[in-house]
Amino acid sequence: MTQQLIDFYRFVGNQDCDRKAVATVKIKKGQVIKNINFVFSPQNFLTVQAGFDKHILDELLAAMNHSCSPTAFVNLAKKQIIAERDIAPGEEITFFYPSTEWIMVRPFQCKCGSPNCIGKVSGAEDLPISLLKKYEINSHIKQSILESIYKKR
Ligand SMILES: [Zn+2]
């Protein structure tokens with residue numbers, strides 16, 4: 001079963017920075033691309049935030065680039081990477097980094113080319129709630145938003 005799931009994607013590029021994940025087959029919206037095995041790690045630019053002070057390191061997640069119009073959603077409650085829309089073979093598998101990251105260790109200027117590109121990607125903390133509302137985001141980020149509203153009062 002694990003073997004079958006691996007067939008949904010492959011890695012392109014060798015180094016951590018230029019590596020990306022692309023679909024090898026047509027992936028339907030809602031399809032589970034991968035079940036995530038939680039391996040906790042200190043936060044770095046390859047980890048994904050999985051809770052208030054929890055970060056996980058996963059080979060596919062580490063390779064997935066950010067997009068402001070992502071093809072996948074990282075559902076941490078279900079521990080699954082799920083197709084956000086139909087993905088064609090050869091198309092990149094991406095996710096919206098602020099859907100998991102509150103504060104990123106390595107912010108960058110997004111060049112995803114999406115008409116709704118957010119520009120600087122540094123984590124959900126720096127984004128207006130009106131923008132975050134347009135995306136599916138994980139519960140620890142929603143909780144952090146609520147806490148930040150409370151602190152500002
Ligand atoms: Zn963008």
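**Close-up views of a predicted model**

**View 1. The β7 and β8 hairpin.** Strands β7 and β8 run antiparallel and are joined by 4 bridges. As in every view here, what you're looking at comes from a predicted model. Across the pair, Phe73 sits opposite Ile82 in β8. Between the two strands there are 4 residues, and in this hairpin Lys79 takes a positive phi near 55°. That's a positive value in a residue other than glycine. Lys79 itself belongs to the loop between β7 and β8 (80-83), and with a relative accessible area of 39% it is partly exposed.

**View 2. Two covered faces of β7.** Which residues of β7 are buried on each side? Ala72 and Val74 take one side, while Phe73 and Asn75 take the other, and all of them are buried. So both faces of the strand are covered. The general pattern helps when reading this view: side chains in a regular strand alternate between the two faces of the sheet.

**View 3. The zinc site.** Four cysteines hold the zinc ion through their SG atoms: Cys68, Cys110, Cys112 and Cys117, at 2.3 Å. The angles among the 4 donor atoms run from 104 to 112°, and the site is tetrahedral. Along the sequence, the donor residues follow the spacing C-x41-C-x1-C-x4-C. Cys68 comes from the loop between β6 (65-66) and β7 (72-75), and Cys117 from the loop between β10 (108-109) and β11 (120-121), so this pair ties together parts that are 49 residues apart in sequence. How buried or exposed are the two? Cys68 is buried, at 1% relative accessible area, whereas Cys117 counts as partly exposed at 29%.

**View 4. The annotated Post-SET stretch.** An unreviewed UniProt entry carries the annotation "domain: Post-SET" for residues 106-122. In the model, the end C-alpha atoms of this span lie 7 Å apart. It is 0% helix and 24% strand.

**View 5. The largest nonpolar core, with Ile93 picked out.** This core has 38 residues, and Ile33, Met64 and Ile93 have the most contacts inside it. Several elements each supply at least two residues of this core: β2 (20-23), β4 (48-51), α2 (59-63), β7, β8, α3 (129-132) and α4 (139-152). What does Ile93 contact, leaving aside its neighbours within four places in sequence? The list includes Phe8, Tyr9, Ala21, Val22, Ala23 and Ile27. Ile33 and Met64 are also among the contacts of Ile93, along with Asn65, Thr71 and Ala72. Ala72 is one of the buried β7 residues from View 2.

Technical notes:
Residues are numbered from 1 along each chain as its sequence is written. This is a predicted model: local features need pLDDT of at least 70, side-chain atom pairs count only at pLDDT 80 or more; totals for chains, interfaces and linings use all residues. Side-chain values use heavy atoms; hydrogens and water are left out. UniProt positions are given in the numbering used here, feature names are shortened, and annotations may be inferred rather than shown by experiment. Donors are N, O and S atoms within 2.8 Å of the metal (3.2 Å for Na, K and Ca); water is not among the atoms, so sites may look incomplete. Four donors count as tetrahedral if all angles lie between 85 and 135 degrees; four count as square planar and six as octahedral if opposite donors are over 155 degrees apart and all others between 65 and 115; anything else is irregular. Buried means under 20% relative accessible area, exposed over 50%, partly exposed in between (1.4 Å probe, protein chains only). Two strands pair if DSSP finds at least two bridges between them. A nonpolar core is a set of buried Ala, Val, Leu, Ile, Met, Phe, Trp, Tyr and Cys residues joined through side-chain atoms within 4.5 Å. Contact means heavy atoms within 4.5 Å.
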